[in-house]
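Reader: I am a first-year student, and I would like a close look at the part of this model where the metal ion sits. Could you take me through that part slowly and then outward into its surroundings?

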Amino acid sequence: MGNKFVMVGGGSTQSPGILEVLRKRATELNLTELVLYDNDEKRVSLLGQYTEMYYKETGSKVNVSYTTNLDEAFYKADFLFLQIRPGLNKQRAIDEKICLSHGVVGQETCGIGGFSFAMRVIPAVLEIIQKVKEICPDAWILNYTNPEAILSEAIYKEFPEAKVLCICDMPISIEGAIAKYFGKEHKDLTFKYFGLNHFGWWTNIIDENGVDLLPQLRTDVLSGKIDTLLMSNEETEGDQYWIDTYRQMISLFKRFPEYFPNCYLQYYLTPDEMIEHDNVKFTRGDYVMQGREKHIFEECERVIEVGTAKDSKLHAGVHGNYIVDIAYAIIHNTRERFVVNKKNHGAISNFDPEAVVELPAYIGSSGAETINIGEIPTFQKGLMEMQKAYEQKTVETALTKSYQSAIEAVMLNKTIPNYTVGKKVLDELYTVNKEYWGVLR
Ligand code: G6P
Ligand code: MN
């Protein structure tokens, strides 16, 4: 029997890259059935029809289909790749603008943009996991849905036994860029990392001979030899946002040279420098809608119209490869090293054992085994504790719909300077998100 893979949120603009890797690696994954599932009929139908044609015309034997019927999609599934976005990028851009108009970070995973997105996404994802439990309890769920930090906290709190791995392609992308800088392949290096999702640090970069390359990287940055890293990810290369972000990451490392930072720390350590470059009239959400989103669906329409995908090509990068590599590691029990979000359970010895943290882990058919980190320093621990309290308070708000809990969550976010701003941003976000958040009491 072959494996059935389901793309939950199959109409996502992030689907094409994954679909391309699945097509190329179908044999080694023993993939025989692929279903694109989405509650957005138009999108899933466009991407679904495209994928059917593209797979068939490139000689794939995989049986591709698409549906808006969840029960049908999940029936006998082996793997579910989850990436959903209630409110689409439209709602993302609305949130960004509200935050920016009050002078605070509006990014969809960091700051209060992340709070708003979490309020939309948590109920939807918990509902999906409950369905998996009922329909296909043996299936593995690999979750890319954002804001992964908060969402993973909600998932493991509500479903501690679920077969779900919460992942992000940012650590692997940054590790790839570091490897490239040293003229090495990612597989030649062993990275030691700890933190929360979009909120972590590398402590060591060990090469084939056991030498730690982090001191070298630090020297090169502090001496001014380098002020950025070349991207390792074909998907983001050339995108000004990522070019600026990689430069800012090196600038952060220069100012806090102990450990190498995940680039998303830019929103917490230098929010003023981030907002300075933001345009309240044209945000990242707008950019994605007018770029990737428009391009993908126009291409689907064109291919469907001409009736052939022969002159069309899907592009795969780190995002698609990473999730498929993890599925492969589970299927073949490779016990390869990745980075995942899991309950701490003592891996960071001086951090809440029940909190979800982002750590390197060896993945095989029984799931992920995280590595031991030991004690972390006061600076990182302090930042993580406040951020974790914010995440937990956000989960509590999504589950209880308490307004008091909401304002407390908002105040725990480091990007919020005071109560006046926090309350204004929260109230305005609530007004435009009621349909998704539900009623706060
Ligand atoms: C990286 C992050 C993801 C995030 C994406 C943003 O891959 O790890 O969590 O969703 O970047 O991409 P976008 O183009 O939508 O801003
Ligand atoms: Mn991410």
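Author: What follows starts at the metal site, goes on to the ligand beside it, and then turns to the parts of the chain around them.

This is a predicted model, in which local features need pLDDT of at least 70 and side-chain atom pairs count only at pLDDT 80 or more, while totals for chains, interfaces and linings use all residues. Residues are numbered from 1 along each chain as its sequence is written, chains are lettered from A and ligands numbered from 1 in the order in which they are written, and side-chain values use heavy atoms, with hydrogens and water left out. The mean pLDDT of the protein is 98, and 100% of its residues reach 70 or more; pLDDT is the predictor's confidence in each residue, from 0 to 100. Among the elements of the protein, the lowest mean pLDDT, 95, belongs to helix H12 (residues 271-277), and the highest, 99, to strand S9 (residues 260-261). Helices (H or I, at least four residues) and strands (E, at least two) are DSSP runs, numbered from the N terminus.

The manganese ion, ligand 2, is coordinated by the SG atom of Cys168 and the NE2 atom of His198, at 2.2 to 2.4 Å. Donors are N, O and S atoms within 2.8 Å of the metal (3.2 Å for Na, K and Ca), and since water is not among the atoms, sites may look incomplete. The two residues come from distant parts of the chain, 30 residues apart: Cys168 is in the loop between strand S6 (164-166) and helix H8 (170-181), and His198 is in the loop between strand S7 (190-196) and strand S8 (199-206). Both Cys168 and His198 are buried, where buried means under 20% relative accessible area, exposed means over 50%, and partly exposed lies in between (1.4 Å probe, protein chains only). His198 counts as buried because its relative accessibility is 4%. The backbone of His198 also deserves attention, for its phi is near 55 degrees, a positive value in a residue other than glycine. Most residues other than glycine have a negative phi, and most peptide bonds are trans.

The two metal-binding residues also belong to the surroundings of ligand 1, which include Arg92, Asn146, Cys168, Asp169, His198, Tyr264 and Arg284; a residue is near a molecule or strand if one of its heavy atoms lies within 4 Å of it. A polar side-chain atom of Arg92 lies 2.8 Å from an oxygen atom of ligand 1, and a polar side-chain atom of Arg284 likewise lies 2.8 Å from an oxygen atom of ligand 1. For His198, an N or O atom in the side chain is 3.3 Å from an oxygen atom of ligand 1. A polar contact is a pair of N or O atoms within 3.5 Å; within protein, one must be able to donate a hydrogen and the other to accept it, and residues adjacent in sequence count only if both atoms are side-chain atoms.

Asn146, one of the residues around ligand 1, is joined to Pro147 by a cis peptide bond, with omega about -10 degrees. Pro147 is found in the loop between strand S5 (140-143) and helix H7 (148-158). Helix H7 is largely enclosed by the rest of the structure, because 9 of its 11 residues are buried, among them Glu148, Leu151 and Tyr156. The buried residues of H7 pack against helix H6 (111-135), S5, S6, strand S10 (336-343), strand S11 (356-364) and H15.

Strand S6, which precedes the loop of Cys168, contains Leu165. Leu165 counts as buried because its relative accessibility is 3%. Leaving aside neighbours within four places in sequence, Leu165 is in contact with residues including Trp140, Tyr156, Ile326 and Ala368, where contact means heavy atoms within 4.5 Å. Leu165 and Lys342 are 177 residues apart in sequence, and their C-alpha atoms are 7.7 Å apart in space.

On the other side of that loop, helix H8 holds Pro171. Pro171 is buried, because its relative accessible area is 0%. With neighbours within four places in sequence left aside, Pro171 is in contact with Tyr193, Trp202, Asn262, Val339 and Glu358. The C-alpha atoms of Pro171 and Pro261 are separated by 9.9 Å, although the two residues are 90 residues apart along the chain.
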